[in-house]
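Welcome to a short set of exercises, each with a worked solution. Keep the viewer open and follow along step by step.

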Amino acid sequence: MLAPVPYRWLCAVLWELMVRLPLHSRLRRRMLVRACLRAYGAFNRRDLPVFLSMFDPEIVYDASNADWPERQIYEGLPGMVEMTTDWYSTWQDFRFDLREVHDLGGNRCLLMSEFQMTGQESGVPLEHVQWQQLGTARRGRWVRVDNFTDRAEALRAGQQEAHA
């Protein structure tokens, strides 16, 4: 399930170059947005190998600040497999759309997204649901993702991270 070593090495090198760019650099922003869109695209396609390749083996995926019906915290790649399995078995016809990327400097960013989906069992559609993620990366792979359903809470957490 892990990406080939040359690919992981290339991602790490590109990430290290990106984080050395000035915070408001167009190139930095494009590289960050592209990495985020790649993750969202893989999740939307249910392309688990590509999706998992974007996470560090010690990833912590925290959904304790979100209305998440399953576990609150998923750890490591096995936890990410469990999180995606929980999601894919609960929802059908889902799509995450990235709306905003806030570069917090260094290895952190705040993502504002919206999703739509249909309950697997109920058939009830949900549209325009707001979802925010505060992400921290290391060597080009995400090591921590904190999830929020409340936009204001996510922005406050992002501001705290930016000033830490």
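A residue is buried when its relative accessible area is under 20%, exposed when over 50%, and partly exposed in between, with a 1.4 Å probe and protein chains only. The model is predicted, so local features need pLDDT of at least 70 and side-chain atom pairs count only at pLDDT 80 or more, while totals for chains, interfaces and linings use all residues. Residues are numbered from 1 along each chain as its sequence is written, and side-chain values use heavy atoms, without hydrogens and water.

**Exercise 1. Decide whether Met 18 is buried or exposed, and place it in its surroundings.**

Step 1: Find Met 18 in helix α1; helices are DSSP runs of H or I with at least four residues, strands are runs of E with at least two, and both are numbered from the N terminus.
Step 2: Met 18 has 2% relative accessibility, so it counts as buried.
Step 3: List its contacts (heavy atoms within 4.5 Å). Leaving out residues up to four places away in sequence, Met 18 touches Arg 28, Met 31 and Leu 32.
Step 4: Look along the chain: Gly 106 is 88 residues from Met 18 in sequence, yet their C-alpha atoms are 9.1 Å apart.

**Exercise 2. Describe the largest nonpolar core.**

Step 1: Recall that such a core joins buried Ala, Val, Leu, Ile, Met, Phe, Trp, Tyr and Cys residues through side-chain atoms within 4.5 Å.
Step 2: The largest core has 38 residues, and Phe 55, Trp 87 and Trp 142 have the most contacts inside it. Its biggest contribution, six residues, comes from α2.
Step 3: Take Trp 87 as a sample. Beyond four places in sequence, Trp 87 touches Phe 43, Trp 68, Phe 94, Phe 96, Phe 115 and Met 117.
Step 4: Another core, of seven residues, lies apart from the largest one and includes Leu 104 and Ala 157.

**Exercise 3. Trace how β5 pairs with β4 and β6.**

Step 1: Apply the rule that two strands pair if DSSP finds at least two bridges between them.
Step 2: β4 (residues 108-119) and β5 (residues 125-138) are antiparallel and joined by ten bridges. Here Glu 114 sits opposite Gln 130.
Step 3: Five residues separate these strands in their hairpin, where Gly 123 has a positive phi near 75°.
Step 4: Seven bridges link β5 to β6 (residues 141-148), again antiparallel, and Thr 136 has Arg 144 as its bridge partner in β6.
Step 5: This hairpin has two residues between its strands, and Arg 139 takes a positive phi near 50°.
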